Amino acid sequence: MSGPDFTRSLLQVSVRADRSIWPRLGLLAMWLGVSLVLLAAITVRVDLWAQYVVAGSSVGLMLLMRKLGYVRRLRVFFLLISAFLMLRYMWWRTFHTLVYDNFFDFCFMIALYLAEVYGTGIALLSFFVNIHPLNRQSPPLDLDPARLPTVDVLIPTYNEPSSLLEVTLRAALDMRYPGTHLKVYLLDDGGTVQKRNQASPAGAAEALARHIELQELARRHGAQYLTREKNHNAKAGNINDALAHCHGDLVLILDADHVPTVDFLEKTVGFFQEDTKLYLVQTPHFFINPDPVEKNLDMFGRMPPENEMFYAVIQRGLDFWDGAYFCGSAAVIRRSHLDEVGGIGGVSITEDAETAMKLHAKGYRSAYLNEPLISGLQPETFASFIVQRLRWTQGMVQLFLLRNVFTMKGLSIPQKLCYFSNTFYWFFSYARVMLLLAPMAYLVLGLRFYSASIPEFFGYGLPAMVGAIMTSDYLFGRYRWTLVSELYEMLQSLFSLRAIYLVLKNPRAPSFNVTPKGEHLEEDTISHLAGPFYFVYAAIVVTFVVGVWKLFHANEHQDVIVSALCWDVLNLIILNACIGVLYERKQRRASPRVPANLDGRAGVMQPGSVEGRQRLAEALACRVLDVSSGGALLQFDMAAAGRVNLLMNGLRVHNAALGHDSLLPIEVRSSYASPDKQHFLVGVRFTDRSVKGLSETVALSSGDSARWADYRASRSIRQGVFGSIALLVRLGLVHAGGQYVLFAKGLASYLQRHLLAPVLAIPLVASMPYRVKRIYHHLTH
């Protein structure tokens with residue numbers, strides 16, 4: 001048995017309740033012994049030079065393990081070394097640096113200390129959760145009608161456009177699964193009776209029009225349309241009300257913009273046939289459009305997506321501890337188990353995690369399949385990004401307060417720790433804001449970080465930081481680059497701290513806000529939420545100037561001043577990138593195209609040909625470079641540019657999802673030479689919007705899970721610690737620099753209009769006749 005397999009078999013003894021008591025007791029005794037040895041090593045008192053040796057040896061051993069490739073075999077040992085460095089730092093921090101000199105210093109010390117306790121706790125929980133991520137494979141699906149579960153597909157919608165819904169609906173109906181065992185429901189919360197009878201005539205008319213439009217949409221495609229009387233409990237209420245109208249063995253929940261691949265049910269239903277105690281199979285949320293960070297920093301496709309760390313690593317780690325949880329969409333749930341807990345939870349606005357917690361507490365199991373089987377949209381403007389993240393923050397804080405995992409019966413200890421990690425993480429805004437304020441408080445107000453010297457910090461704090469960075473890079477380096485997490489957290493923290501306070505004040509107050517999708521921006525613009533970041537940035541710059549002045553005029557504590565200035569520089573690097581993100585790039589295409597690499601032939605379709613036997617005349621070979629359900633970009637050799645007929649109306653391309661060649665009617669919308677002048681590019685629109693035509697284009701653009709897997713893997717690139725930092729510095733300078741130029745131009749224009757123009761006009765006005773002067777005075781006053 002290999003090292004990882006042995007570790008996994010040893011650790012999993014504590015997870016499964018049906019194992020013998022003796023192995024579990026033996027495992028408990030082993031971990032108790034390890035903990036006692038670790039505790040003794042953490043608390044032993046040594047002089048500073050001995051601490052340098054211990055810490056330096058630990059860091060050196062971690063580096064050597066990474067260099068020689070032993071981390072994979074000794075994963076737990078590697079994590080224990082990092083945990084040792086962190087805990088030894090926190091022991092020193094707790095018992096040697098918290099000294100009471102005066103009230104204000106001590107309050108600041110405690111506030112910063114609590115932020116460090118939070119950060120250490122989250123890091124250690126992360127080590128535990130990710131101790132051995134699982135890699136599941138799909139079991140074969142038994143198509144025997146007696147064993148094949150019936151599936152109800154529920155697509156809740158509120159205000160999404162019908163064009164977006166139609167794609168999801170068509171893809172759901174085209175999944176490979178016996179039609180006798182599959183029903184698809186469109187759950188319309190935008191056309192409820194309450195909405196259609198609201199006081200506003202315009203709002204009522206809009207709801208009625210939506211109700212009629214979506215009814216017809218569902219009827220045309222062969223789906224079931226459902227709405228309800230009142231809009232209570234948001235998405236959770238919508239799903240629960242729909243459950244009364246459907247009776248399948250399994251329920252597949254899809255967000256309105258989550259387009260499933262044709263093999264979604266083939267790869268997930270088999271899990272339920274194998275395990276009757278299984279309540280959930282969750283798959284990753286895979287997005288085909290950039291979020292505001294990726295779009296505005298021009299890093300989409302060149303940097304791992306922000307959600308990938310959770311779906312590629314953390315969910316697999318949770319799965320090891322039987323703690324993978326429901327993420328609201330792209331998941332199959334066993335209906336009978338869901339009914340036992342009263343349907344989808346409604347206590348918090350993160351109904352998905354709440355539902356999973358209750359089902360795990362019932363003793364049911366979950367599974368996570370790390371294959372992209374849907375393609376979705378994420379918010380592209382910073383404002384909608386913040387709306388989504390504030391909902392997640394408030395919902396998880398609600399769970400933290402209202403569903404205390406440590407008092408909830410039925411959860412195993414590992415599951416309690418997993419759920420605690422999931423909810424406790426969302427307090428990051430407190431720690432992030434404290435890390436912003438700390439150097440400012442010291443350099444401007446003279447408040448002390450803690451009572452310690454710089455050599456002591458190098459002996460305890462620096463090794464812990466280096467160990468944490470190395471461990472994070474090892475666990476998540478392919479999916480989250482160094483300082484990128486800090487960038488995303490900084491972007492949210494200035495808003496989420498107030499949101500957390502509101503939940504702490506009244507845990508049941510937050511309401512569900514739908515995240516806008518498919519937004520348009522006609523021109524580049526600065527986000528209206530940019531103000532707080534400019535203010536904080538200016539404050540840190542002022543702080544830095546004050547710090548430099550103090551450095552050259554101070555007689556003591558110069559080392560601490562230098563440390564605070566370095567801390568300020570790190571904050572400025574992250575804030576500079578934040579300001580680059582806040583310069584919103586235009587977005588005009590509602591249906592994003594994703595890269596493709598498909599052979600095709602484009603030409604003129606023969607008129608009057610029989611469907612299924614159509615052929616192309618004057619067909620030219622081409623490459624399909626990108627594709628969506630609405631169109632594609634075709635690449636021709638430049639030598640053939642003269643023969644490209646801009647009246648071509650057909651494209652033949654192999655449709656891997658359907659297993660045949662598709663002949664798609666097209667309309668040429670644009671044509672131009674590639675930047676290197678080697679190819680001729682033609683943008684086309686798919687013109688057949690019939691049910692059959694849409695089936696072909698949706699399957700081509702979104703139906704092939706193997707294509708999504710390849711595309712997902714291409715974005716998972718390890719950058720390295722120093723490379724990641726250098727990249728963030730460059731991105732901040734380049735993209736924030738554009739805002740500084742705009743700001744300077746705007747300021748110059750303002751000064752010219754309001755200051756320079758009147759001054760330059762004085763000699764001219766003095767030479768005017770008296771009557772002209774009167775007119776000028778009237779116009780300017």
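These are my notebook entries on salt bridges, nonpolar groupings and a few buried residues in a predicted model.

**Entry 1: salt bridges**

I began with the charged pairs, and the count for the structure came to 27 salt bridges. The pair I looked up at the start was Arg93 with Glu116, whose closest N and O atoms are 2.6 Å apart. Arg93 sits in helix H4, which covers residues 75-96, and Glu116 sits in helix H5, which covers residues 103-129, so that the bridge links distant parts of the chain, 23 residues apart. I then asked myself whether each partner is buried or exposed. Arg93 is buried, at a relative accessible area of 0%, and Glu116 is buried too, at 17%, which I checked against the cut-off of under 20% for that label.

My next pair was Arg147 and Asp142, which form a salt bridge with 3.0 Å between the closest N and O atoms. Here I noted that Arg147 is partly exposed, with a relative accessible area of 40%, and that Asp142, at 28% relative accessibility, is also counted as partly exposed.

For Lys267 I found a salt bridge to the side chain of Glu371, at 2.8 Å from N to O. Lys267 belongs to helix H10 (residues 264-274), while Glu371 belongs to the loop between strand S8 (365-368) and strand S9 (374-375), and the two residues are 104 residues apart, in distant parts of the chain. With 22% relative accessibility, Lys267 is classed as partly exposed, since the buried label requires a value under 20%.

I also wrote down one network, in which salt bridges link Arg66, Asp473 and Arg718.

**Entry 2: a nonpolar patch on the surface**

Which residues form a nonpolar patch on the surface? I listed Leu61, Leu64, Leu68, Tyr70, Leu74 and Phe77, which together have about 540 Å² of accessible area. Helix H3 (residues 48-68) supplies the largest share of the patch, with 3 residues. I followed up Leu64, which is placed in helix H3 and is partly exposed at a relative accessible area of 45%, and it qualifies for a patch because that value is over the 30% cut-off.

**Entry 3: nonpolar cores**

As background I kept in mind that nonpolar side chains in soluble globular proteins tend to be buried together. In this model the largest nonpolar core has 107 residues, and the members that touch the most others are Leu154, Tyr325, Phe326, Tyr419 and Phe449. Helix H4 gives the most to this core, with 12 residues. A second core, separate from that one, has 41 residues, among them Val151, Leu169, Leu186 and Tyr225.

I then looked up what Phe326 touches, leaving aside neighbours within four places in sequence. Its contacts are Ile253, Leu280, Gln282, Ala331, Ile333, Ile344, Asp352, Ala353, Thr355 and Ala356.

**Entry 4: three buried residues**

Asn571 lies in helix H21 (residues 558-581) and is buried, with a relative accessible area of 3%. Beyond its neighbours within four places in sequence, Asn571 is in contact with Leu435, Leu436, Pro439 and Ile540.

Pro304 is located in the loop between helix H11 (292-296) and helix H12 (308-320), and I noted that Pro304 is buried, at 4% relative accessible area. The C-alpha atoms of Pro304 and Arg480 are separated by 6.3 Å, although the two residues are 176 residues apart along the chain. Setting aside neighbours within four places in sequence, I listed Glu294, Arg478, Tyr479, Arg480, Trp481, Arg715, Ser716 and Ile717 as the contacts of Pro304.

Asn296 lies in helix H11 and is buried, with a relative accessible area of 0%. What does Asn296 touch, not counting residues up to four places away in sequence? I found Gly580, Val581, Tyr583, Glu584, Arg585 and His735. For Val581 there is also a polar detail, as its backbone oxygen lies 2.6 Å from a polar atom of the Asn296 side chain. The side chains of Asn296 and Lys295 are joined by a polar contact of 3.5 Å. Last, I noted that Asn296 and Asp524 are 9.7 Å apart in space, C-alpha to C-alpha, and 228 residues apart in sequence.

Notes:
Residues are numbered from 1 along each chain as its sequence is written. This is a predicted model: local features need pLDDT of at least 70, side-chain atom pairs count only at pLDDT 80 or more; totals for chains, interfaces and linings use all residues. Side-chain values use heavy atoms; hydrogens and water are left out. A salt bridge is a side-chain nitrogen of Lys or Arg within 4 Å of a carboxyl oxygen of Asp or Glu. Helices (H or I, at least four residues) and strands (E, at least two) are DSSP runs, numbered from the N terminus. Buried means under 20% relative accessible area, exposed over 50%, partly exposed in between (1.4 Å probe, protein chains only). Patches are made of residues with over 30% relative accessible area and no salt bridge: like charges are joined within 9 Å, nonpolar side chains (Val, Leu, Ile, Met, Phe, Trp, Tyr) within 5 Å. Accessible areas come from the Shrake-Rupley method with a 1.4 Å probe; for residues, only the protein chains shown count as cover. A nonpolar core is a set of buried Ala, Val, Leu, Ile, Met, Phe, Trp, Tyr and Cys residues joined through side-chain atoms within 4.5 Å. Contact means heavy atoms within 4.5 Å. A polar contact is a pair of N or O atoms within 3.5 Å; within protein, one must be able to donate a hydrogen and the other to accept it, and residues adjacent in sequence count only if both atoms are side-chain atoms.
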